Amino acid sequence: MYTVSYLSLLLSSCLSLTAAVPTSPNTLPPVNNNVVNQTSCNGKQYTYQQLAGYGFIPSNARDSFGDNLGGWGSAIAIDQKSWRKLKNGTYTGTLYAVPDRGWNTQGTLNYQNRIHTFSISFTPNTKATGSSPSPPNLSLTYQSTLLLTDPKGNPTTGLEADPTGGLSFNNFPLLPAATFVGNGFGEPGPGGKSISIDAEGLVLARDGSYWISDEYGPYIYRFSRSGKLLTAIQPPRAFLPTRNGSISFSADSPPIYDPDRTLIPTDPESGRSNNQGLEGLTASPNGKTLYALTQSALIQDGGPDNPFRRQARLLQYSIRNPNKPILEKEYVVTLPLYTDPTSKKTPTKVAAQSEIHYLTPTQFLILSRDSGFGRGQDESESQYRHIDIFDISSATNIASPSFNNAPDGSIASSEGELDAGITAATYCSFLDFNVNSELARFGLRNGGSQDAGLLNEKWESIALVPVDGKKGRDGEFFVFSVSDNDFITQDGADRLP
């Protein structure tokens, strides 16, 4: 037996991104004499120089509303205008983060969705070694929390969406919603009905609003500076979960006050799989184009089972007019496979993606990982935990009625084989979280004993900032990632409404 208080753990790695075209990965020149891994993806060279730092937030920290400050590794974004390099070599900036739907290990609950703000202080340690590891050198200081509401100012909720119906507002599509009893936490109350959001992606808009992608819809929402819902993007019909011939936003995640509630069928008949919605969200630096990627394949494209759920779909929207987003293009990203040594029945599994990040108009970072390995899990050694790269320059644009307009519009067989004539994005392996020689420089590791040095399971976010503290014209960047601790702690709290 062991007792665990999960930390929200942060890592920062140093990358070099250039446009050199090598003859082979083995001929690439080292950058600053530090090279953990190098790759070339469609003519662009990428170098993982080293792990530059780490830090954590205690699992029992509270936000300004008294709730446990957990789960916020689901998505992060660093305000590029705030990023500074000080004369002493320390970096400062402002980081925004969204938790997902709240503590839900015993059932979903009426947790109001929110955006947290932190200040960053980061002093890279390039001289740390495994024999002389660095203490934490990446500090986040909690600043504030913004609560999210529907268009009329009513709180949103993390409760699982109703299996049928939703909420309607003028100039909005039908929105996933939860009808709850009592206060939605299993305590007495008047009951109610609120928009259900399982937040997984975050983009800071240039006008100060926030784009958030979710898993229930799966939808993309835009909220104002004050937290009020302004826009909702409903994806094509093929993405919407369907049960018994109708749209069904439920994800088979019963509420805490009714944990034995059953859903028939458990999995949707088409559309996004349960808890596999628009996990990845990013935007072009000019704020004109938004990209969202499903966590794995739609039901009709090979989901929800391993190893067939590889064909994730990437949506590209024009948001030049943020009030009227337009679907421009759609692509397929074939996710990587890994071998699960603990599974005899299905050892080959899909490394579902947890986040994407814009690099160029055709290339993106993607965080793909295994599940069930790490601190607090039965197995401590992760098999696949990467920030990789995909390139859409030669991929087929599948934004067409035949693939999108019908509930069962598919691009692959039930075993995940792409239809003839469809070319997926080029996928390039890159940054491995699990390199123990790098982790050891900060007293961390992958695998082994269940203690504070063991990496958490759920790494779900990416942020990229320039090493020069300015525009990054030298091609060197820090990539930040944060783990989602699922709100697990020994002494946390959730505020009752």
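Select Pro-307 in this predicted model. Pro-307 sits in the loop between strand E18 and strand E19, which covers 311–318. Now add Asn-306 to the selection: a cis peptide bond joins Asn-306 and Pro-307, with omega about 0°. This deserves a look because most peptide bonds are trans.

**A second cis bond**

Next, go to Pro-218, in the loop that connects strand E12 (210–214) and strand E13 (220–223). Show the residue before it as well. Gly-217 and Pro-218 are joined by a cis peptide bond, and omega here is about -5°.

**The whole chain**

Zoom out and colour by secondary structure. You should find two helices and 28 strands in the protein. Along its principal axes, the C-alpha trace spans about 60 × 55 × 50 Å. What radius of gyration does the protein have, and what would a compact globule of 497 residues have? The protein has 21 Å, and the compact globule would be near 23 Å, so the two agree. If you colour by accessibility instead, buried residues make up 59% of the 497 residues.

**Two asparagines with positive phi**

The next stops concern the backbone angle phi. Most residues other than glycine have a negative phi. Select Asn-171, in the loop between strand E8 (138–147) and strand E9 (177–180). Asn-171 is not a glycine, yet its phi is positive, about 65°. Is Asn-171 buried or exposed? Its relative accessible area is 84%, so Asn-171 counts as exposed.

Move on to Asn-275, in the loop between strand E16 (246–247) and strand E17. Asn-275 also has a positive phi, about 55°, without being a glycine. Asn-275 counts as partly exposed because its relative accessibility is 24%, and the exposed class begins only over 50%.

**Salt bridges**

Show the side chains now. A search of the whole structure finds twelve salt bridges. Three pairs and one network are visited here.

Start with Arg-101 and Asp-198, whose side chains meet in a salt bridge at 3.8 Å, N to O. The pair links distant parts of the chain, with the two positions 97 residues apart in sequence. Arg-101 is in the loop between strand E6 (91–98) and strand E7 (114–122). Asp-198 is in the loop between strand E10 (192–195) and strand E11 (199–204). Are these two residues buried or exposed? Arg-101 has a relative accessible area of 8%, so it is buried. Asp-198 is buried too, because its relative accessible area is 2%. Buried here means under 20%.

Then select Arg-320 and Glu-328. They form a salt bridge in which the closest N and O atoms are 3.7 Å apart. Arg-320 is exposed, with 55% relative accessible area, while Glu-328 is partly exposed at 33%.

The third pair is Arg-445 and Asp-451. Their side chains meet in a salt bridge at 2.9 Å, N to O. Both partners are partly exposed: Arg-445 has a relative accessible area of 22% and Asp-451 has 32%. From this pair, turn to a network: Asp-63, Asp-67 and Arg-114 are joined by salt bridges that share partners.

**A positive surface patch**

Turn on the surface. Which residues form the positive patch? Select Lys-81, Arg-206, Lys-288, Lys-471 and Arg-473, which together form it. For a closer view, pick Lys-288, in the loop between strand E17 (278–283) and strand E18 (289–294). Lys-288 counts as partly exposed because its relative accessibility is 38%.

**Last stop: Gly-469**

Finish at Gly-469, in the loop between strand E27 (463–466) and strand E28 (476–482). Its relative accessibility is 12%, so Gly-469 counts as buried. Add Gln-80 to the selection and draw a line between the two C-alpha atoms. How far apart are Gly-469 and Gln-80 in sequence and in space? They are 389 residues apart in sequence, but 9.3 Å apart in space, C-alpha to C-alpha.

Technical notes: Residues numbered from 1 in each chain as written. Predicted model: local features only at pLDDT ≥ 70, side-chain atom pairs only at ≥ 80, totals over all residues. Heavy atoms only, no water. Patch = residues over 30% accessible without salt bridge, like charges linked within 9 Å, V, L, I, M, F, W, Y side chains within 5 Å. Areas by Shrake-Rupley, 256 points an atom, 1.4 Å probe, with all protein chains shown as cover. Salt bridge = Lys/Arg side-chain N within 4 Å of Asp/Glu carboxyl O. Lys, Arg positive; Asp, Glu negative; His and termini not counted. Charge placed at Lys NZ, Arg CZ, Asp CG, Glu CD. Helix = DSSP H or I, 4+ residues; strand = E, 2+ residues; numbered from the N terminus. Buried < 20%, exposed > 50% of the residue type's maximum accessible area, 1.4 Å probe, protein only. Rg over C-alpha atoms; globule rule 2.2 N^0.38 Å.
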